[in-house]
Amino acid sequence: ALACRLASSADVQAILPPVRAVSEAMRLVRDDHRRAFDVESLAAMAGVTGQTLRKGFRACLGITVKEYIRTIRLEWAREQLKSARESRSIADLALAAGFADTPAFSRGYLRHYGESPSQTRARAVQLAG
C-alpha cells in the first residue's frame with residue numbers, strides 16, 4: 001500500500017529522473033573508468049544537467065561525482081594489484097586506471113585504503129608464493 005501511495009505521489013515522480021540519471025552515470029563510469037569524465041558531459045550522457053547530477057550523487061550516495069569516479073578507479077587498480085599475475089608497473093596501472101599521474105594515484109590509494117599500492121602488491125605476491 002505504501003509503495004502504491006508513493007508511486008502516485010508527485011514527489012516520487014520528481015525524484016525518479018535524478019535517481020535514474022545517477023544510476024546511468026554510475027554504469028557509464030564503471031564501464032569505462034579510464035575515460036576523462038567531466039560532470040557536464042557525464043550528466044549529458046545520463047540525460048540531465050550537471051547540477052541535477054551533482055545533487056543526485058549527493059542525495060543518493062553522499063559523495064560527489066568526482067569522488068565516485070576516483071573510487072571506481074581505485075577499486076579497479078586495487079583488484080589488479082591484488083592479483084599476483086598482474087605484471088604491469090604501478091605507474092602503468094595508475095594510467096590504466098585513469099589517473100593522470102602516479103603520485104596522485106598513490107596519494108589517493110593510500111588515503112582510500114590506508115596502505116600504498118606497493119604494500120598491496122607485496123601482500124598479493126607473498127600470499128601467492
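Biologist: Which side chain meets R54 in a salt bridge?
Modeller: That would be E40, with N and O 3.0 Å apart. Bear in mind that this is a predicted model.

Biologist: And where do R54 and E40 lie?
Modeller: R54 is in helix α4 (residues 50-61) and E40 is in helix α3 (residues 39-46), so this salt bridge ties together parts 14 residues apart in sequence.

Biologist: Are they buried or exposed?
Modeller: In between: R54 is partly exposed at 40% relative accessible area, and E40 is partly exposed at 45%.

Biologist: OK, how many salt bridges are there in the whole structure?
Modeller: Searching the whole structure turns up seven. One of them joins R78 and E115, whose closest N and O atoms are 3.3 Å apart.

Biologist: What does the R78 and E115 pair tie together?
Modeller: Parts that are 37 residues apart in sequence, because R78 sits in helix α5 and E115 in the loop between α7 and α8 (117-128). R78 and E115 are both buried.

Biologist: What about R88, which side chain does it meet?
Modeller: R88 pairs with E86 at 2.8 Å, N to O. Here R88 is partly exposed, with 31% relative accessible area, while E86 is buried at 14%.

Biologist: Which residues are linked in a network of salt bridges?
Modeller: E24, R27 and D31.

Biologist: Switching to the surface, which residues gather in the patch of positive charge?
Modeller: K66, R70, R107 and R111. Helices α5 (65-81) and α7 (102-113) each supply at least two of the patch residues.

Biologist: Why does K66 count as exposed?
Modeller: Because its relative accessibility is 62%, and the cut-off for exposed is over 50%. K66 is placed in helix α5.

Note on methods. Residues are numbered from 1 along each chain as its sequence is written. This is a predicted model: local features need pLDDT of at least 70, side-chain atom pairs count only at pLDDT 80 or more; totals for chains, interfaces and linings use all residues. Side-chain values use heavy atoms; hydrogens and water are left out. Patches are made of residues with over 30% relative accessible area and no salt bridge: like charges are joined within 9 Å, nonpolar side chains (Val, Leu, Ile, Met, Phe, Trp, Tyr) within 5 Å. Accessible areas come from the Shrake-Rupley method with a 1.4 Å probe; for residues, only the protein chains shown count as cover. A salt bridge is a side-chain nitrogen of Lys or Arg within 4 Å of a carboxyl oxygen of Asp or Glu. Lys and Arg count as positive and Asp and Glu as negative; His and the chain ends are not counted. The place of a charge is taken as NZ of Lys, CZ of Arg, CG of Asp or CD of Glu. Helices (H or I, at least four residues) and strands (E, at least two) are DSSP runs, numbered from the N terminus. Buried means under 20% relative accessible area, exposed over 50%, partly exposed in between (1.4 Å probe, protein chains only).
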